[in-house]
2 protein chains.
Amino acid sequence: MPTYTPPLRDMQFVMHEVLHVTDEFKAMPRHAEVDVDTINAVLEEGSKFAVDVIFPLNISGDEEGCVLDKTTHEVTTPNGFKQAFKQYAEGGWPALACDPEYGGQGLPIVVNQCFYEMLNSANQAWTMYPGLTHGAYEALHAHGTEAQKKTYLPKLTSGEWTGTMCLTEPHCGTDLGLLRTKAEPQADGSYKITGNKIFISAGEHDLVSNIVHLVLARLPDAPQGSKGISLFIVPKFSVKADGSLGERNGVYCGGLEHKMGIHGNATAQIVLDGAIGTMVGQPNKGLQAMFVMMNAARIGVGMQSLGLTEVAYQNALAYAKDRIQGRSLTGPKDKTKPADSIIHHPDVRKMLLTAKAYAEGGRALSLYCAMLIDRELHHPDAKVRKDAEEMVALLTPIVKAFITDNGHIATNACMQVFGGHGFIKEWGMEQFVRDNRINMIYEGTNTIQSLDLLGRKVLGNNGATLKKFGKLVGALVEEEGVNEKMAEFINPLAYLGDQMTKFTTELGFKGFQNPDEVGAAAVDYLRVAGHLVFGYFWARMAQVALREIANGNTDPFYQAKVQTARFYFAKLFPETATLMRTARAGSAALMNTDAALA
Amino acid sequence: MPTYTPPLRDMQFVMHEVLHVTDEFKAMPRHAEVDVDTINAVLEEGSKFAVDVIFPLNISGDEEGCVLDKTTHEVTTPNGFKQAFKQYAEGGWPALACDPEYGGQGLPIVVNQCFYEMLNSANQAWTMYPGLTHGAYEALHAHGTEAQKKTYLPKLTSGEWTGTMCLTEPHCGTDLGLLRTKAEPQADGSYKITGNKIFISAGEHDLVSNIVHLVLARLPDAPQGSKGISLFIVPKFSVKADGSLGERNGVYCGGLEHKMGIHGNATAQIVLDGAIGTMVGQPNKGLQAMFVMMNAARIGVGMQSLGLTEVAYQNALAYAKDRIQGRSLTGPKDKTKPADSIIHHPDVRKMLLTAKAYAEGGRALSLYCAMLIDRELHHPDAKVRKDAEEMVALLTPIVKAFITDNGHIATNACMQVFGGHGFIKEWGMEQFVRDNRINMIYEGTNTIQSLDLLGRKVLGNNGATLKKFGKLVGALVEEEGVNEKMAEFINPLAYLGDQMTKFTTELGFKGFQNPDEVGAAAVDYLRVAGHLVFGYFWARMAQVALREIANGNTDPFYQAKVQTARFYFAKLFPETATLMRTARAGSAALMNTDAALA
């Protein structure tokens, strides 16, 4: 059975020693009083919930899965899930980063992000129930009427109800412009909604008394394509004026998917059979409203893979220390035993360090993003808010795709450390691989993320936001350019930073002539950009650690940080050499292949 | 539900147009009469068995798994598996490449290899039952006494019995020197064997009347470590002098593993409780005898991933043509539909072509290996046999590790083409990923393969065999160096060939000073060597195709081959740029990490 120890020290390092989040918060009226001790205390408490309550349900949830009663259309979640959600609500956890106006605790997104990393390490399938709820909360908070907010937000904040996003239909996922679900206006201002949705995570379950579905559908007179989509709230039970539950609405679960992983989460086919809903935001502007939710969800998916990478790493490390097998290549390391532990083998270390470097790099990036979102929401200066928003937009596809692809690499590497035992369910390693696999697909496949990054976020504004990130890199290079101890980190970073500008311009030029050039290069480009960003944060983390060491700090934590940074630049970062080459190889080798793909 | 069409045309291309196997066979007395028509007819028949009999059992076998009756210790395989094995035996398929002296048909290994690729595409879990049997056959054929051979080989050849390899114990897999199972000599010359084995594929089942376990164990006076291991035959039922079955032996299934994939194959814990066995080969020389079996098994594992890569590719291609979603980046391709099929997207093509290029490259390499094994076994010239044996030894870890790692990349890419549907069991794609995952682990993890390649097969003989392969590359470069149409294939291949010598020498020198340098570089080195080999075969396949095209052959098959070769060199082969860089980055970044891995 796997174990899990929340990496509180590492979260604190990123928040307090690298990003100095509380200094940032001082500029924000909402968070000016949030201090280091508060953050640490909340996360300490949160870590207990993750470890004690939901981690023990991870393997059993995978084994049991969710069960649909086809007569009642009700879904039973795995044993213990409901009780855990009750504890979650009673502990006030759903409210952590929610608006105090609707019962929230109003803590920074940064804190919530750390909390979610731990929840995902402990149990991704369970965490999707509150996770989706958070997305529904965001969309309603941004686009709901005052009445809608008063009706729904306090219940989502308290954990009495949960939420979903109902987008996908059998014939459309990526291309929502094709969706067919219909919404007919009723005399009372409500809508009757009819259609079939699939792949609805947390779509039906027994955790709470009501489920708030946010549904995309078309009005009768809607234009075709993505400009004719509106957003609706469709509660499982109608809500009376006093907030109590009324009639069962015409929205029910028609089936559950049998999946590779996340068995504990109900992936529902949702049938809307004249369900009563109310519109959120403007007619035909539903996709924009839903994008609020989707952007939050994309960062959320990155956090899922970050969580899995961390827990997989911890278990592989423990196994590698414990398992004795063969002798070290340089001679026996423990003569009292018949063999050495496998951690003495270089490639075992490589697999472990790959996971560690990706976990810690991913944590730095995602907490940086979370801090930017706090700025975007609460900084008093509109220019600062706008800059933060743009940077979050740039980094979101990287968080989603780079961290989930790295999660795939890392969970597979950690499983491999276990040899044959990695393939056996009892050890829990193969579940991390299976659960992670969906993260590369949902909320926009990683290919879609790469097109969003290169096409929209980079070339779409002539690289303006990318240049802003480049300035951060340039400043660090400037600051540390003459520091010999930093050279091994700064030199490759500076080199890639320089290359990136040329590389981007080149792709922009080729893409202008032939859009397939963008499509052919985008996935490689996203990984190069990911390494630029991770390289930047690894250099900053090494900088902080080297300064501590220079100041006489003997905490091995800092030595560890430098060693991991060194590994990252020596063994992972050089992937960019191939990626730039294959991106530059162009689209012809892909597109002139009609005979091959006949 | 997935479909599968055996790639007979492509197998014929490799055998008859690239390798010209029947010309090779003319030199071998055993195979001199084997002609193109015979080979094609056998494979045509074999393809029907794969498609009609075992492919329909692939998904159901995954769902049902194997069931152990804890009272009787008997295992029930999934519905249909037993009947399929009966048809397999009745069709004479187990005998295909077996020795006519023991009832075999004596066909070349090349033919058997093609047949096994198809079986593995159709159902890897089922195919492991005959596959393991083949390994047991090989070990007995090479090391058994005449009496042992007469007792066991005809039954394994006829498919009346199956075989296993009992190596692994709970505390030892990679390091068999640690094994503890004991064999006590009895007065009648037999041995009483006691111990616990785990991860025994096809270890117990209901397909046949007897199971022939090949068991590694220690004699009472055996030296410690790997030099004190002997090999024994331990049949489930003792065999009487007349060949009929006698008493139930003290070898039984103590449990079945719950695994990530290959659910249809029984992975058994085997308890030996004073089981009666007879020794195979010499005392304390069991590991060498078992290595005959293991080398065959390693190539067999490569064939498993080749099979899965092919079937995953076929289904992803069909889905990509069928699924409409969004518009092509260069404008609508099918205006009569609301969206274009996703095959018009460059990255979808990249995922498909990755699988296709790895499948066809893997097929060329593995059939080349099979042909070398035919040479090794049946060529009249001892020097030719010896050369072939050495080349097979060099290529075996590449077949095992490179093809299975590529299978991981390819099955995941093909699953990704399906978007959310890829994660759903009904589509069958995620099963290919799960089934393939064990191939990177068993029969020696891919890290072990890389150490075998770089440490033993390359540096161990000062690169002598590698140089022989280099000569093949050099001859091709010489032959096509001035052919402009071949330049895009020959130039990168020639460049890597040159680099490889320098790279290998450099690693040899560093490894001599510090063995961890070999361990740190080996995995990267194996992938570089893999690309050298694949690059060689892709260039040869392009050469054949371009000649046909130049001669006016308009069969689009040849155009397809050139396009796929072009894709391979543009998008996959450049991985070597990063691999050589990370291999050269050395061991310090891995080994000086005690603080990081504390």
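1. Let's start where the two chains meet: there are 4 salt bridges between chain B and chain A, a salt bridge being a side-chain nitrogen of Lys or Arg within 4 Å of a carboxyl oxygen of Asp or Glu. One to look up is B:D594 with A:R349, where the closest N and O atoms are 3.0 Å apart.

2. Some housekeeping before going on. This is a predicted model, in which local features need pLDDT of at least 70 and side-chain atom pairs count only at pLDDT 80 or more, while totals for chains, interfaces and linings use all residues. Residues are numbered from 1 along each chain as its sequence is written, chains are lettered from A and ligands numbered from 1 in the order in which they are written, and side-chain values use heavy atoms, with hydrogens and water left out.

3. Back to the chain interface. Here 91 residues of chain B touch 93 residues of chain A, contact meaning heavy atoms within 4.5 Å. About 7700 Å² is buried between the two chains, and carbon and sulfur atoms give 62% of that. Buried area here is the accessible area (1.4 Å probe) that two parts lose on being put together, summed over both.

4. There is plenty of polar detail to browse as well: 53 residue pairs are in polar contact across the interface of chain B and chain A, both residues at pLDDT 80 or more. A polar contact is a pair of N or O atoms within 3.5 Å; within protein, one must be able to donate a hydrogen and the other to accept it, and residues adjacent in sequence count only if both atoms are side-chain atoms.

5. Which helix gives the most to chain B's side of this interface? That is α16 (residues 556–572) of chain B, with 9 residues. Helices (H or I, at least four residues) and strands (E, at least two) are DSSP runs, numbered from the N terminus. Sorted by class, the side of chain B that touches chain A holds 42 nonpolar, 28 polar and 21 charged residues. Ala, Val, Leu, Ile, Met, Phe, Trp, Tyr, Cys and Pro count as nonpolar, Asp, Glu, Lys and Arg as charged, and the others, Gly among them, as polar.

6. Now the symmetry. Chain B superposes on chain A by a rotation of 180° with 0.0 Å of shift along the axis, at an RMSD of 0.0 Å; that is how a two-fold axis relates copies. In chain B, the C-alpha nearest the axis belongs to B:T578, 2.7 Å away from it. The fit is by least squares on the C-alpha atoms of residues with pLDDT of at least 70 in both copies. The copies meet through the same surface, since 100% of the interface residues of chain B are also interface residues in chain A.

7. Inside chain A, the domain assignment gives domain 1 (8–65 + 78–143), domain 2 (162–291) and domain 3 (292–584); such bounds come from an automatic or database domain assignment. The C-alpha centres of domain 1 and domain 3 of chain A are 22 Å apart, and 38 residues of domain 1 contact 45 residues of domain 3. Between these two domains of chain A about 3600 Å² is buried, 63% of it from carbon and sulfur atoms. A:Q113, A:E117 and A:Q124 supply 17% of what domain 1 buries against domain 3, more than any other three residues.

8. That domain interface of chain A has 6 salt bridges, including A:E24 with A:R375, at 2.8 Å between the closest N and O atoms. It also has 16 residue pairs in polar contact.

9. Finally, two backbone oddities. A:E443, in the loop between α11 (429–437) and α12 (446–458) of chain A, has a positive phi near 60° without being a glycine. B:F199 has a positive phi of about 60° and is not a glycine either; B:F199 sits in strand β5 (residues 191–201) of chain B.
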